[in-house]
Amino acid sequence: MPPYIGGAGMGMGPTLALAALISAAVQTPQGDDRALWLCESARRVLGVDGVSLSLMRRVSGSRGLLAATDATSAAMEAADDVLGTGPTHLAAAGTRVVLRTSATAPPWSALVTLFSGTAAPSWVVAVAVHDGTEEFGTLLVHTEHPALVQDTAWISDVAEAVVVMLTAQAAEVWLEPALAAGDSTNRAVGVLMAEHRTSATTALDLLRSRAFSAGTRLADAAHLVLDTPRDNH
């Protein structure tokens with residue numbers, strides 16, 4: 001489906017981005033998941049193959065996937081979780097990422113393929129998004145058509161519009177599912193901290209290493225840690 005407004009070389013500012021998103025949202029079935037509804041609306045506005053939105057605060061390092069429109073988007077988010085690096089982390093650090101995976105073969109491509117069952121997408125863009133002046137997280141898009149990803153300013157404007165519409169509702173409507181999804185990872189990090197007498201950062205790195213070695217998502221590695229019997233004496 002072509003973009004509602006905008007497209008390559010046509011970034012036109014936050015006001016038109018919000019208008020475009022509202023127009024797309026009216027034509028997109030909402031369901032119970034507000035974040036997913038808005039990501040799907042953003043996908044239609046941008047004319048890309050997939051969109052995901054995640055919380056990622058630079059100061060605390062906390063991260064949680066709010067929504068992904070497709071398996072490939074979810075797989076890329078999961079690969080970033082396992083490796084602790086990738087498009088979303090670079091975007092959270094303040095860099096607009098435009099990645100041609102067919103040319104650079106990023107290290108997480110194999111994990112994306114493993115998790116999704118398909119090849120990594122040809123083009124990936126990640127941008128940081130904000131809630132007013134506060135950092136909110138990242139919007140990740142992917143497509144096979146390079147013309148759709150060249151205008152990162154327009155993608156950023158649409159991303160900001162998503163956050164405006166998302167945060168118009170009470171946080172418990174859209175935030176609690178993301179926090180709940182990350183609960184097992186946080187508890188597993190705590191277990192590894194106690195076992196290895198180490199910091200949270202080192203424990204998270206250890207959990208990521210286990211996930212990478214096993215070829216599993218971070219949440220699956222966390223559940224394995226939590227389900228392993230331990231001698232408490």
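**Figure 1. A salt bridge in helix α9 pairs D183 with R187.** The closest N and O atoms of D183 and R187 are 3.0 Å apart. A salt bridge here is a side-chain nitrogen of Lys or Arg within 4 Å of a carboxyl oxygen of Asp or Glu. This is a predicted model: local features need pLDDT of at least 70, side-chain atom pairs count only at pLDDT 80 or more, and totals for chains, interfaces and linings use all residues. Residues are numbered from 1 along each chain as its sequence is written, and side-chain values use heavy atoms, with hydrogens and water left out. D183 and R187 sit four residues apart in α9, so about one helical turn separates them. D183 counts as partly exposed because its relative accessibility is 36%. R187 also counts as partly exposed, at 44%. (Buried means under 20% relative accessible area, exposed over 50%, partly exposed in between; 1.4 Å probe, protein chains only.)

**Figure 2. Helix α9 has a buried side and an exposed face.** Helices are DSSP runs of H or I, at least four residues, and are numbered from the N terminus. Helix α9 covers residues 183–196, 14 residues in total. At 1.5 Å a residue, α9 should span 20 Å, and its end C-alpha atoms are 20 Å apart, which agrees. The expected span is 1.5 Å times one less than the number of residues. S184, T185, A188, V189 and L192 are the buried residues of α9. They cover an arc of only 135 degrees around the axis, so they lie on the same side of α9. The arc is taken from the directions from the helix axis to the C-beta atoms. N186 and A194 are exposed, on the face turned away from the buried side. Just after α9, R197 takes a positive phi of about 50 degrees.

**Figure 3. E40 and R44 form a salt bridge in helix α2.** Their closest N and O atoms are 3.5 Å apart. Helix α2 covers residues 34–46. E40 and R44 are four residues apart in α2, so about one helical turn separates them. Both E40 and R44 are buried.

**Figure 4. D205 and R208 meet in a salt bridge in helix α10.** The N to O distance is 3.9 Å. D205 is partly exposed, with a relative accessible area of 43%. R208 is buried, at 17%. Both residues lie in α10 (residues 200–214), three residues apart, about one turn of the helix. Elsewhere, salt bridges that share partners join E40, R43 and R44 into one network. The structure holds four salt bridges.

Notes. Helices (H or I, at least four residues) and strands (E, at least two) are DSSP runs, numbered from the N terminus.
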